[in-house]
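User: I would like to learn how to read a metal site in a model like this one. Could you take me through it step by step?

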Amino acid sequence: MENNLVAHYDVLQNEKYGRYLVANKDLESGELIFTDTPFAFGPKPDSPPLCLGCYNPVEKALCSRCGWPVCGAECETSAAHAGECEVFSKAKVRFQPVEDWTASAPQLDCITPLRLLLAKEKDPERWQRELEPMETHTEARRERPTWSVDQVNIADFLVDHCKLGSKFDRELVQRVCGILEVNAVEIPSRGGFSIRAVYPKLAIAAHSCVPNIVHSIFQDDYMVKVRSAVTINSGSPLHLSYTHALSPTLVRRQHLLESKFFSCACARCADPTELGTHLSTLKCTKCDNGVILSTDPLDNEAVWKCTEKNCEFRTSGAAVSKMLGVVQAEVDQLDMLEPGPQAIEQREATIKKYKSVFHPRHSLQLSMKQALAQLYGRVEGYSIDELPDLMLERKAEFCRLLLSTLDVITPGDTRLRGMMLYELHAPVMFMARNEFSAGLITPEKLKERLQEPIQLLTDAARILMREDPQSPEGITGQIAQQSMEQLKASLECF
Ligand SMILES: [Zn+2]
Ligand SMILES: [Zn+2]
Ligand SMILES: [Zn+2]
Ligand SMILES: [Zn+2]
């Protein structure tokens with residue numbers, strides 16, 4: 001059993017990060033560093049109407065007491081909904097009917113701030129100790145248009161309409177909005193829909209685009225377990241990534257600036273090739289072998305140039321940014337497709353279409369290849385036992401491509417690595433079996449070849465069984481463990 005009271009970290013402070021965490025002992029990869037419980041959790045901004053008990057989308061289902069969205073009797077009386085239910089019932093403020101129940105409902109934006117305020121009232125000591133020192137970037141937030149939107153939709157709403165003015169003032173409400181904006185992390189709810197939560201200890205970890213810690217959410221009580229992804233020496237800072245690991249530098253830095261109020265200047269951001277992963281690299285269409293890289297990735301306006309000596313091609317950072325946006329929208333459309341033959345074929349066509357524009361390892365190409373690595377072998381017409389060797393090889397190639405990128409940008413034991421190791425075992429195993437069935441290899445050779453999938457499944461199980469057993473990753477971890485045992489047993493009978 002892992003001790004829930006472990007705390008292998010110290011909190012330090014400096015100019016660069018503010019407060020940050022360092023390891024206070026040498027950590028092995030995968031070691032539990034600490035656990036944390038959310039101070040508050042609830043809907044993300046811009047969510048469509050969702051149940052305030054379980055966060056599944058709802059349509060026209062309202063709480064009989066307060067008149068806000070809940071899916072049924074069980075969620076109506078859930079602990080999560082109790083606080084706002086009482087506030088709304090007392091003040092008689094009901095959820096205003098909406099026409100489109102799938103569109104974002106700004107009315108819900110007040111829920112999580114209200115829960116944070118109610119949690120403060122309930123546990124003033126924890127607020128004082130863990131929330132009071134939190135960064136809120138109030139001055140920067142005040143300059144943004146969202147400030148006045150929050151003022152009306154959240155501060156005025158809670159203070160005036162919900163009659164909470166005697167307990168909370170507008171300044172505190174805005175601070176709470178700032179705490180959420182700067183410190184909350186996105187987590188999956190039990191139903192799989194994404195919500196947000198504030199974990200006071202986790203929030204102290206500094207950001208890096210090459211993180212060395214990972215966090216797993218346990219859905220019964222939304223506890224988080226924080227582990228080392230790699231070996232970490234005592235005294236080293238613990239770095240979490242606050243943005244999407246596979247995004248290109250332009251997109252990551254923009255996201256961090258907008259959501260977390262800082263310009264990342266980590267080693268990955270500063271390197272035009274993103275540490276050799278080429279997640280940002282474009283192909284030159286004006287010459288044969290050149291690639292196009294930013295002349296200064298820490299400046300979004302910097303010129304992008306071809307690397308070939310004799311090629312004069314140049315473009316602006318703004319033009320690259322715009323192009324990324326256009327193709328990203330296309331990739332987003334593909335992500336909306338139901339998993340089926342179309343989802344495979346349209347992605348293959350899109351990869352081909354942009355072959356001459358993007359490096360084969362570019363973020364956008366890679367995200368389509370990641371989806372394909374998971375689709376080949378799983379959809380109608382492409383089930384694993386009917387895939388020709390050529391497609392088995394393609395699935396394996398995409399898995400290996402992704403894994404080699406992860407080695408650099410998120411080294412060590414991460415969920416995505418675990419999932420990709422699991423995906424990779426299948427084509428490797430089937431290719432070996434096909435060769436054996438065709439009489440191309442001896443039983444001894446087959447046995448030897450099956451050691452690789454056994455190792456892949458072993459590693460996948462080790463990583464993924466650290467996740468919530470009910471999450472998709474946790475379930476895959478258990479399947480990996482069983483498949484590994486079966487495969488080993490089948491070899492004994494040889
Ligand atoms: Zn519900
Ligand atoms: Zn209610
Ligand atoms: Zn960075
Ligand atoms: Zn060129």
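Analyst: This is a predicted model, and we can begin with geometry: the site of the zinc ion (ligand 1) is tetrahedral, with angles of 102 to 114° among its four donor atoms.

User: Which residues coordinate the zinc ion (ligand 1)?

Analyst: Coordination comes from the SG atoms of Cys51, Cys54, Cys71 and Cys75, at 2.2 to 2.3 Å, and along the sequence these donor residues follow the spacing C-x2-C-x16-C-x3-C.

User: Is Cys75 buried or exposed, and how should I read such a label?

Analyst: Buried means under 20% relative accessible area, so Cys75, with a value of 11%, is buried, whereas Cys71, with a relative accessible area of 45%, is partly exposed.

User: What are the protein donors of the zinc ion (ligand 2)?

Analyst: Here the donors are Cys63 (SG), Cys66 (SG), His81 (NE2) and Cys85 (SG), which lie 2.0 to 2.3 Å from the zinc ion (ligand 2). The site is tetrahedral, the angles among its four donor atoms being 102 to 117°, and the donor residues are spaced C-x2-C-x14-H-x3-C in sequence.

User: Where in the chain do Cys66 and Cys85 lie?

Analyst: Cys66 sits in the loop between β4 (40-42) and α1 (73-76), while Cys85 belongs to helix α2 (residues 79-91); the two are 19 residues apart, and the pair links distant parts of the chain.

User: How accessible are Cys66 and Cys85?

Analyst: With the cut-off for buried set at under 20%, Cys66 counts as buried because its relative accessibility is 2%, and Cys85 likewise counts as buried, at 0%.

Key: Residues numbered from 1 in each chain as written. Chains lettered and ligands numbered in written order. Predicted model: local features only at pLDDT ≥ 70, side-chain atom pairs only at ≥ 80, totals over all residues. Heavy atoms only, no water. Donors = N, O, S within 2.8 Å, 3.2 Å for Na, K, Ca; no water. Tetrahedral: all angles 85-135°; square planar, octahedral: opposite > 155°, others 65-115°. Buried < 20%, exposed > 50% of the residue type's maximum accessible area, 1.4 Å probe, protein only. Helix = DSSP H or I, 4+ residues; strand = E, 2+ residues; numbered from the N terminus.
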